[in-house]
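Work through the exercises below with the sequence and the model at hand. Each task is followed by a worked solution.

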Amino acid sequence: MEKDNLYRYFSGAAGEAERSDIRRWVEASDENRRRFMDERKFYDIVSMLDVEDSASERVMLHTVRRSRLRIWVSRVAAAVVAVLITLGVQRYIGFGAVEDLPMQQISVPAGQRLNIVLADGTSVWLNSNSTMRFPGAFIGKDRHVDIDGEAYFAVAKDTDHPFTVGTKHGDVHVTGTKFNVDAYTASPDFSVSLVEGSVNFDSGSHVYGLVPGRRLSRTDAGTFAVSDVEPETLEWVRGIISFRQLPLTDIIARFEKYYGVSVEMRRPDIADVRFSGKFYLDEGIEQALNTLRHDIRFEYESDKTNRHIIIK
């Protein structure tokens, strides 16, 4: 599969036939899937960077010609290497060996994802509309980051320097493990899903422990409950919004989180209708709504300027 085709897919410029061809190619082998994820990871990183050409105009990945693309990618790759070197400085100088550094912040646009590696080697996937604050280097005894949104962590093991994820509902404490945190400030939902290792969640009034395969979530009453991790919980890391027998109101709430839009529901008669399905995040909310309309009839208006959708 040509990189140009993949980049058109990632940018949303590919047609329906081309998108279908790429999906079939991805599903044909594990090697194809790995290459797809590698290219997606690269695209997500470079899409966060502003790169200017000789005429001081921004060059977007999906609009440049093939010959120019190679030059642009080379320039961006150098910038990415510089960023990774900066983030990785702690590996070489050790904990406590540098002066305090200011917190850095990275935000992921609606409909995108991003994977970065922190100074200690921890890998973090950030979901759409998510923001993470983190230091350029970890110093002292603790490793701490703050999340507003959803993130999947593969924490580098270091028992002498615990890793903490701060959220609006409390802190997640680990030493080395894999887990998912869903903590958008604009949403009442909150959950921590453990894949590997162990975590403790401190709500400020109580500490909850989790074992692999278990999920801690906030209830409508404001308390916390533990349940099994649902299979679709981590599908977003692959760029997929997945749900099983979920009411339309809950699906709309996810769309609002991921796409940064407000949705006004004027069809109470279909609010509790349940759906199962999968959507590719980068196809956008209108494509997702059009797919839902195959199962139940409704209309919608989209105000792109104010990022507002009315379902009627």
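**Exercise 1.** Is Asp182 buried or exposed?

Solution. The model is predicted, so local features need pLDDT of at least 70 and side-chain atom pairs count only at pLDDT 80 or more, while totals for chains, interfaces and linings use all residues. Residues are numbered from 1 along each chain as its sequence is written, and side-chain values use heavy atoms, with hydrogens and water left out.
- Step 1: buried means under 20% relative accessible area, exposed over 50%, and partly exposed in between (1.4 Å probe, protein chains only).
- Step 2: Asp182 has a relative accessible area of 10%, so Asp182 is buried.

**Exercise 2.** Find the residue with which Lys257 forms a salt bridge, and place both partners.

Solution.
- Step 1: a salt bridge needs a side-chain nitrogen of Lys or Arg within 4 Å of a carboxyl oxygen of Asp or Glu.
- Step 2: the partner of Lys257 is Asp182, with the closest N and O atoms 2.9 Å apart.
- Step 3: Lys257 lies in helix α6 and Asp182 in strand β8 (residues 178–183), so the pair ties together parts 75 residues apart in sequence. Helices (H or I, at least four residues) and strands (E, at least two) are DSSP runs, numbered from the N terminus.
- Step 4: Lys257, at 10% relative accessibility, counts as buried.

**Exercise 3.** Classify both partners of the salt bridge between Arg266 and Glu264.

Solution.
- Step 1: the closest N and O atoms of this pair are 2.9 Å apart.
- Step 2: Arg266 is partly exposed, at 48%.
- Step 3: Glu264 is also partly exposed, at 29%.
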